[in-house]
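Ready for some practice in reading a protein sheet? Have a look at the sequence and the structure, then try the exercises.

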Amino acid sequence: IFSKGQKFLEKLMDTIRIIHNLPRSGGTIISKSISAQEGIVLLSEIHPQGINIREKMGDTPDDGDPLHQFQSWYKLFNDKDYTKIKNSNLNFVDKIKIISEKAKKQKKILVLRDWSFIDFFGKPFTEPTQKNSLIDTLLKNFKIRNIFLIRDPIEMYISCNRRLAFFSNNYSFDSFLDGYSLYIENIERDKFIEFEKFIQNPTQILKKISKILDFDFDENYNQNLGNINITGDLGASGASTIENKKSMFNLLDENQKEKINKNKKYLEIKRKLSEFN
């Protein structure tokens, strides 16, 4: 009886589509390419602790507020209604419920880009939860469709060290691999996207994403890339085209390459990644 009742309740739930990605793994440009498609409402780097983490980072706290993003980027509420909602001290789930309902009434598809960094890395701003907080928080109220973005761990590690000022002081290669390993344990088979394949053939991969997340693919997405609001990497957030990135592995010297290729954690991650394909 409980199983039947559970299935009935699930039918009544709205669907939330979620993109999960670690830093420097293509989350900004891929999310932007999804957001550029007709009928999509995408909120970026959304997490139950997003407002607090933004404040700790010295950023504008509102950048971590899904309700603020929704109104600032899409303006689907009139000013009076938005002010009333904003002053209601809603919790995180209630905000997502209101956003989802409004998007549905406007016949839009809501997509959330998860801020997985908080859960699987976090430092120096918080201790990682080592679990997917966004899924755990929303699962009782929504049906969830997920995609998981991955990038070669070496490429990602080099990029994080080059582009994130706080990274090198908080993560050794081994501690980075610990977070990466926990992240890929959450990946659902046949629901992952490789960044390297995306930049080689973005249209083909975006068609795959549209099937996984269940929305109609818009062939004209690239014409709208320059008009999309999104948080994340400054280069990708301001981009109007998708650029093919060169491998950074050759930036390492032979001694560094040798150490990496003997690292047991790295070899285990490579084994796990090979099982996805």
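Here are three exercises, each with a worked solution.

Please note that this is a predicted model, where local features need pLDDT of at least 70, side-chain atom pairs count only at pLDDT 80 or more, and totals for chains, interfaces and linings use all residues. Residues are numbered from 1 along each chain as its sequence is written, and side-chain values use heavy atoms, with hydrogens and water left out.

**Exercise 1.** Find the order of the strands in the open sheet.

Step 1: Strands (E, at least two residues) and helices (H or I, at least four) are DSSP runs, numbered from the N terminus. Two strands pair if DSSP finds at least two bridges between them.
Step 2: The five strands pair in parallel, in the order β2-β3-β1-β4-β5.
Step 3: β2 (40-46) and β5 each have a single partner strand, so these edge strands have one side without a neighbour in the sheet.

**Exercise 2.** Work out how β4 is joined to β1 and β5.

Step 1: Strand β1 (residues 15-20) runs parallel to β4, with six bridges between them.
Step 2: Thr-15 has Lys-143 of β4 as its bridge partner, and Ile-18 stands opposite Asn-146.
Step 3: Towards β5 (residues 192-194), β4 makes three bridges, again in parallel. Here Leu-149 stands opposite Ile-193.

**Exercise 3.** Decide whether β4 is mostly covered or exposed.

Step 1: Buried means under 20% relative accessible area, exposed over 50%, and partly exposed in between (1.4 Å probe, protein chains only).
Step 2: Of the eight residues in β4 (143-150), six are buried, and the strand is mostly covered.
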